[in-house]
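Dear colleague,

I am passing on the structure we spoke about. My notes on it follow below the display.

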Amino acid sequence: MQFWYSEHHAPGVKLSFQVEKQLYSAESAFQRIDVFESMELGRFLTLDGFMMVAEKDEFIYHEMMAHVPMAVFPGVKRVLVVGAGDGGVVRELTRYGGIASIDLVEIDPMVIDVCKEYLPAMACGFADKRVRVFHQDGAAFVKKERGVYDLIIVDSTDPIGPGAQLFTSEFFQDCYHALTGQGMMINQHETPFYEKEALIVQQMHGRMSGIFPIAEVYQAHIPTYASGHWLFGFSSKQWHPVKNFNAASWDALNVKTQYYNTALHVGAFALPNYVLDLLKSGEVRQNENH
């Protein structure tokens, strides 16, 4: 008998992975948490039936979340990570000796506990002394902060359940105020390929461009995510992700990566026309609302 994990990506579209065994399943106070073992993907984590991370390609997502902003402004001292209970973003950030503190806000403590046990290669960064973990609501946490962080990374789930409020204009505005004058914000931006997610992309970019003077979008290919074509938002008060990017400075740090490099950094901001049109329509709608 074969056991398959399937996830619906759009009406009439689903992606399935053959599973060797289920390693963990439980309901936390916030969501259902499952860990599976797959011959092809290694172990993977799902929340409420949605793929979060798989061992085989998690490095792509986490490297693109962490290294893109760090290469633009290497002077980052204080970082806030919202979500990311799997620890992958934190792991990448701990590679930078210049970072003084990494605050992680994860509403569900069970996610971190499960990842420490079943995905230790991702969760290893929690052992770093610069990392502080807060089990709080991310939106409420950010609302209290003013001018504190040089970098905020929002590694949210999809806009459902406890992650829904991390996609609102109010939350993005609070993040803006929580940043220093040189502050940057990175957030996962969904896929532009399917209609439902494309609407989210459009709305998010419109909101970000209405709040930040610099709001750009970049991309990566992540096979286990819907369509494989995934977007990230880069929003900043001062730094442009390409114009202020110094490849030689980042290369001199000798940070070891599997996906990210400085040539790819520039290329990631070169988007297909259908995505550019989608983003531009989001900006137009934002302007019309004001």
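To begin with one residue, Asp103 counts as buried because its relative accessibility is 0%, and the cut-off for that label is under 20%. Please keep in mind throughout that this is a predicted model.

Asp103 is placed in strand S8, which covers residues 101-105. Its side chain has a polar contact of 2.7 Å with the side chain of Tyr149. Setting aside residues up to four places away in sequence, Asp103 touches Tyr149 as well as Arg78, Val79, Leu80, Val81, Arg132 and Phe134.

A second buried position is Thr224, with a relative accessible area of 3%. Thr224 belongs to the loop that runs between strand S12 (214-221) and strand S13 (229-236). What does the side chain of Thr224 pair with in a polar contact? The partner is the side chain of Asp57, at 2.7 Å. Asp57 also appears among the contacts of Thr224 outside its neighbours within four places in sequence, together with Leu15, Phe17, Leu41, Met51 and Ala54. Lys56 is 168 residues from Thr224 in sequence, yet the two C-alpha atoms are 9.0 Å apart in space.

Ser227 lies in the loop between S12 and S13 too. Ser227 is partly exposed, at 30% relative accessibility. Its phi is near 75°, a positive value in a residue other than glycine.

Asp48 also has a positive phi without being glycine, in this case near 50°. Asp48 sits in the loop between strand S5 (42-47) and strand S6 (50-54). With a relative accessible area of 37%, Asp48 is partly exposed.

The last residue I looked at is Ala71, in helix H1 (residues 58-72). Is Ala71 buried or exposed? Ala71 is buried, because its relative accessible area is 3% and the limit is under 20%. Apart from neighbours within four places in sequence, Ala71 is in contact with Phe245, Asn246, Trp250, Tyr260 and His265. Ala71 and Ala247 are separated by 176 residues in sequence, and by 7.3 Å in space from C-alpha to C-alpha.

Now the chain as a whole. The protein chain has 10 helices and 13 strands. Its radius of gyration is 18 Å, close to the 19 Å given by the globule rule for 290 residues, so the chain is as compact as a globular protein of that length. The C-alpha trace spans about 55 × 45 × 35 Å along its principal axes.

Of the 290 residues in the protein chain, 56% are buried. Where contacts join residues at least 6 apart in sequence, 67% of them are between residues at least 24 apart. The pairs Thr224 with Lys56 and Ala71 with Ala247 were listed above with their C-alpha distances.

As for the surface, the protein chain exposes about 12400 Å², and carbon and sulfur atoms supply 53% of that area. The chain carries 23 positive and 34 negative charges, and the mean positions of the two sets are 6 Å apart.

Regards

Note on methods:
Residues numbered from 1 in each chain as written. Predicted model: local features only at pLDDT ≥ 70, side-chain atom pairs only at ≥ 80, totals over all residues. Heavy atoms only, no water. Helix = DSSP H or I, 4+ residues; strand = E, 2+ residues; numbered from the N terminus. Rg over C-alpha atoms; globule rule 2.2 N^0.38 Å. Buried < 20%, exposed > 50% of the residue type's maximum accessible area, 1.4 Å probe, protein only. Contact = heavy atoms within 4.5 Å. Areas by Shrake-Rupley, 256 points an atom, 1.4 Å probe, with all protein chains shown as cover. Lys, Arg positive; Asp, Glu negative; His and termini not counted. Charge placed at Lys NZ, Arg CZ, Asp CG, Glu CD. Polar contact = N/O pair within 3.5 Å; in protein donor to acceptor, adjacent residues only side chain to side chain.
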